[in-house]
Amino acid sequence: MLTVSKITKSYGALRALDGVSAEFREGEIHAVLGENGAGKSTLMNLLAGFTKPDSGSIKLDGKELPVGRPFECKRLGIAMIHQHFTLVPGFTVEENLALAAISGPGPIDSRELSKPAMAQAEALGWPLDLAAKTGQLPVGAQQRIEILKALSGESRVIIFDEPTAVLSQGEVEDLFRVLRALKQDGKTVILIAHKLREVMAVADRVTVLRRGKVVGEAPIGQVTSDRLVEWMVGEIPPLLQKNADTKYREGLRATGLSAKGDRGERALHGIDLEARRGEILGIGGVDGNGQVELAEVFAGVRSYGGGLEWEGRPFDPDSRSPRIAYIPQDRQHDGLALGMSIEDNMLIEGHRRPSLTAGPFIRRQRLRQWSSGLIERFDIKTGSAKARADSLSGGNQQKLVVARALDEVPDLLVAVNPGRGLDVKATEYVHRKILDARNAGAAVVLVSTDLDEIGALATRTLYLSRGQIVEGEGAAALVGGAG
Amino acid sequence: MIRALAIAAGLVLSLAVTLAVFGLPVGHSMALMAQGAFGDKLAITRTLVKTIPLTITAMGIIVAWRAGMYNIGGEGQFVSGGLAAAVLANWLIPSSIPGWMGLTAMLIVSVVGGAAWGGLAGWLKTKRGVEVVISTILLNFVAIQLLAWVVAGPLKDPAGGVPLTLQLPDRVMLPKFDPQTDLHFGIFIAALAAVLTYAFLYFTRAGFRTRLVGEGERAARANRIDADRVKIGAMLISGGLCGLAGGVEYTGIAGQLGTSFAQGWGFLAIPVALLGGLHPFWVVLSALYFGALFAGSRNLAGFTEQGTTIIYIIQAAAVLGLIAIGALSFKKPILKEAV
């Protein structure tokens, strides 16, 4: 039995895990559920020895685990199947299996080294083409090789990190059969997931994390999906109130909007909505149901089909109206160029402003004044505007993104999980700025997987599920999208 | 500043070590090189003559690399710039167009020729996904072979026996300061190229977008900047500058094209640009250093059996040494991907 007690782990000001305790039993599939950023990955990395907790203990059969030493943990029987495979695509299946078994220098006999894994494959009834190039196999088959690698090391605890994220429906069914077989075999199976339906289908027990804390733990038979959603995303605010108030002015209107995702899949379809000036439209739902794509369409960075209008005219993100401000979800990649100076990062927004430019040129003097003004007003903690953006803490990086976006009141503000990864104070600050923008007459679209955030800010809320707006009340509306 | 001094010290040291490895008396050899590079007026002009094409091509490399486009094709762009000018020259020489006009036209055409060569690689990258490193290397071969064919065929001087184009008359050549030396007005063009590159990168919106795309392409895209357009633009400018270097070398020094026109300036531009940290100011100093190495080693070659090839070793040793000790680490991501 693997026991975790009172684990705390912080990254800077952010508490990734806060007094987490859990028990993972033999012969059981134990799902760890939570939204992105809830602390699941941190917990698993601790179990597998990749990081050390700040306090608390992890015990395997009553014996303290050697924290922070992944090879020791692996030797003791804790294996992790990463979401991103750790296979060499150019190697054959046999070579990849042998690679995991190599210990020390000396000649390598791939056939010999891959034997234990082969025995496992036979036991599971998996036909394996040892000579096949790994990279050319379907994803599900590659995952099997990962699983075999883990099993051949006599593992007792097997952690699956979001294993279904990359699989097709048929492959998911196969994987579930494997999980059940492992359970029969007396192994401890830990399944990290955020898809409710899968957890309900395969797990025996579930632990739900939110903001680094365990918010619920129960045998699967004793919880409903509604309850799990509430645990995951927080108190469900009144939904879908069709607010007909006239104090709001016309802003953005989408009719029959559709868009494709990064892999060409259908991410959004048949979206009809309105985001009016003076209100905050919350877009909720379980992550991965089209929210980010919707935000990107509104921010003018994703192409779309269907109708989209601003104040009755066709939406043109490159025109002066609407002036769009965008707070992307991934501030480190989409928000900032971390290797550039704070000043240059402000220029990402500023280089479009007439006041800071003269024809093709940038007015450096004015830029300097503007950026030091922003640093002061938005209280960004830094020694100099010339310092690189990656020298800032996470909260101050977000302040930089917010300062740049909200210095001038935009017509349309699109914010995606603006409080994610921030401590309480920084979150409050960012929320206040969003409310200020609304009060000043901006139409605000707030996409968040954290319903507390939506509850605190949104004038009204729509939920997305599989790329469509769902009608319905309470958690029931979300469960449909949780698959 | 301290870093610059440390790098300068490292360069002198790597020079000394390389000389020692080749069994040359270090002190005496370095004195010979210094004399050959800075010893008298003639030496200084030799250094500057080599610095001109290095500076212009290196500016081209800076612009592309800053946009994350690892242009290895400076040589091909240099050659295609020279070729374009030579095509025009074939028509200009017998005409009665005033010299300054013909010269200006040749330089402009050389920019266009280089830009076409660079732009092609940019287009292949953004529209077809062909890595710039691969396409530019291959385009180098194409340009160099094209040069060999053109000088032996269509543009060959019919009166001459060797594969060379017509000799440019003096009226369309860049003026020289002093008939005794090779130093020509191309030095002004090089200085202008450096100043404009600096102004472009740090004082224009397009230059900012260029740097932004290189440092954070996703951040650029998330802020509605058309990264593909920026990349193609960077390759056009980069190729244009390398092509200009070809035009300047042609109208400043060579006067006619032969296969020896492809001397490797476009390749050398890469270590020059890297040594200068991809910043125009430091790259000018870096080009001066490499120019001095050329001039100095020629003097050294006169006194030892080692040829001028030793300077290539010195250059490689200098750049590798600096990368290894991390003095250029402020550009680490670029070095990691491209070197």
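Two residues are in contact if their C-beta atoms, placed from the backbone, lie within 7 Å. Keep that in mind as we go. What you have open is a predicted model, where local features need pLDDT of at least 70, side-chain atom pairs count only at pLDDT 80 or more, and totals for chains, interfaces and linings use all residues. Residues are numbered from 1 along each chain as its sequence is written, while chains are lettered from A and ligands numbered from 1 in the order in which they are written.

**Stop 1: chain B as a whole**

Select chain B. Of its contacts with a separation of 6 or more, 78% join residues 24 or more positions apart. You should see 14 helices and zero strands; helices (H or I, at least four residues) and strands (E, at least two) are DSSP runs, numbered from the N terminus. The C-alpha trace spans about 60 × 55 × 30 Å along its principal axes. The radius of gyration, taken over C-alpha atoms, is compared with a globule rule of 2.2 Å times the number of residues to the power 0.38. A compact globule of 339 residues would come out near 20 Å, and chain B has 20 Å, so the two agree. Buried residues (20 or more other C-beta atoms within 10 Å of their own C-beta; exposed means 12 or fewer, partly exposed in between, with C-beta atoms placed from the backbone) make up 53% of the 339 residues in chain B.

**Stop 2: color chain B by confidence**

Now color by pLDDT, the predictor's confidence in each residue, from 0 to 100. Chain B averages 89, and 94% of the residues score at least 70. Which helix of chain B has the lowest mean pLDDT? Go to α14(B), residues 332-338, with a mean of 38, then jump to α7(B), residues 186-203, which has the highest at 97. Around α14(B), pLDDT stays under 50 over residues 329-339 of chain B, and the model has 11 contacts there beyond four places in sequence.

**Stop 3: where the chains meet**

Show both chains. The predictor gives the complex an ipTM of 0.85 and a pTM of 0.77. The contact takes 22 residues from chain A and 15 residues from chain B. On the chain A side, pick out α11 (331-335), α12 (342-350) and β18 (361-362), each supplying at least two residues. The largest share, three residues, comes from α11(A).

**Stop 4: an open sheet in chain A**

Hide chain B and find the four strands in the order β2-β1-β4-β5 of chain A, an open sheet with antiparallel pairing. Two strands pair if DSSP finds at least two bridges between them. β2 (14-24) and β5 (63-64) of chain A are at the edges with a single partner strand each, so one side of each lacks a neighbour in the sheet. β4(A), residues 55-60, pairs with β5(A) over two bridges in the antiparallel sense; click A:Leu60 and its bridge partner A:Lys63.

**Stop 5: β9 of chain A**

Last, select residues 205-210 of chain A. Is β9(A) mostly covered or mostly open? Mostly covered: six of its six residues are buried. In a regular strand the side chains alternate between the two faces of the sheet. Here A:Arg205, A:Thr207 and A:Leu209 are buried on one side, and A:Val206, A:Val208 and A:Arg210 on the other. β3(A), residues 28-33, pairs with β9(A) in the parallel sense over four bridges, and A:Ala31 has A:Val206 as its bridge partner. β10(A), residues 213-219, pairs with β9(A) in the antiparallel sense over six bridges; one to click is A:Arg205 with A:Pro219. β9(A) and β10(A) form a hairpin with two residues between them, and A:Arg211 in the turn has a positive phi of about 50°.
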